[in-house]
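I opened a notebook for this structure and wrote down what I looked up. The entries follow in the order I made them.

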Amino acid sequence: MAERRIVLYGDPVLREKAAKVDEINQEVKDLVSDLVDALKGAQGLGLAAPQIGVSKRVFVVDLSVIDLSESVRVFINPEIVQTDDEIELEEGCLSFPGIYQRIVRPAKVRVRALDINGEQFEMTFDGLAARAVLHENDHLNGVLFIDHISPLTRTMLKGKLKKLAAAS
Ligand code: ZN
């Protein structure tokens, strides 16, 4: 597959609400394989389709980063079923290189999605995996991790964000 560039903050595709996948056809399978390649290449924990310029409801999380017995999990048309508790963790995003912020999000998340074969699954995640699922799911709604930080912190990041947007 063609290598796809990870788009940076400032690219309008990151603010779009991504479209539902109607059918898991070859195009979607190619998209997933591009996402996995780009994620591995960037050594990240998760990557959503809008981050490679495709506004579709698909994301991947590389659970092997957390647990070596795990692998990359694909989420198509994901829905957050339930969240529990709250935790503050440092978070980054491949579309915001060099920017890390402590962000409060639910500590646990139950998500329902389709896998690459179109099979529905429902799973509960906690720790870093929960963080990744919530972060990537946000991308499908045009929500970025900087939307979760305080206005004061965002003001402090203004210069860095401007530079990123200018480079994208
Ligand atoms: Zn991100």
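The entries below go from the ground rules to the metal site, the core, the salt bridges and one lysine.

**Ground rules.** I am working with a predicted model, in which local features need pLDDT of at least 70 and side-chain atom pairs count only at pLDDT 80 or more, while totals for chains, interfaces and linings use all residues. Residues are numbered from 1 along each chain as its sequence is written, and side-chain values use heavy atoms, with hydrogens and water left out.

**Zinc site.** Which protein atoms are the donors of the zinc ion? I found Cys93 (SG), His135 (NE2) and His139 (NE2), lying 2.0 to 2.2 Å from the ion. Donors here are N, O and S atoms within 2.8 Å of the metal (3.2 Å for Na, K and Ca); water is not among the atoms, so sites may look incomplete. Along the chain the spacing of the donors reads C-x41-H-x3-H. Cys93 sits in the loop between S3 and S4 and His135 in helix H2, 42 residues apart, so I noted a link between distant parts of the chain. For helices and strands I used DSSP runs (helices H or I, at least four residues; strands E, at least two), numbered from the N terminus. I also noted that Cys93 and His135 are both buried, where buried means under 20% relative accessible area, exposed over 50%, and partly exposed in between (1.4 Å probe, protein chains only).

**Core.** I looked up the largest nonpolar core next, meaning a set of buried Ala, Val, Leu, Ile, Met, Phe, Trp, Tyr and Cys residues joined through side-chain atoms within 4.5 Å. This core has 17 residues, and those with the most contacts inside it are Phe59, Val61, Phe75, Val109, Phe125 and Val133. At least two core residues each come from strand S2 (58–62), strand S4 (101–114), strand S5 (120–126) and helix H2 (127–139). H2 gives the largest share, 5 residues. I then listed contacts (heavy atoms within 4.5 Å) for Phe125. Not counting residues up to four places away in sequence, Phe125 touches, among others, Leu63, Phe75, Val109, Ala130 and Val133.

**Salt bridges.** How many salt bridges are there? I counted 11, taking a side-chain nitrogen of Lys or Arg within 4 Å of a carboxyl oxygen of Asp or Glu. One of them joins Arg15 and Asp147 at 2.7 Å, N to O. Arg15 is in the segment before helix H1 (26–42) and Asp147 in the loop between H2 and helix H3 (151–167), 132 residues apart. Arg15 is partly exposed at 40% relative accessibility, and Asp147 is partly exposed at 28%.

Glu79 and Arg112 form another, at 3.7 Å; Glu79 is in strand S3 (residues 72–91) and Arg112 in strand S4, 33 residues apart. I also have Glu122 with Arg110 at 2.8 Å, from strands S5 and S4 respectively, 12 residues apart. Glu79, Arg110, Arg112 and Glu122 are linked in a network of salt bridges.

**Lys17.** Is Lys17 buried or exposed? I logged Lys17 as exposed, because its relative accessibility is 63%. Lys17 lies in the segment before H1. Leaving aside neighbours within four places in sequence, Lys17 is in contact with Ser55, Arg57, Leu140 and Asn141. The side chains of Lys17 and Asn141 are joined by a polar contact of 3.5 Å. A polar contact is a pair of N or O atoms within 3.5 Å; within protein, one must be able to donate a hydrogen and the other to accept it, and residues adjacent in sequence count only if both atoms are side-chain atoms.
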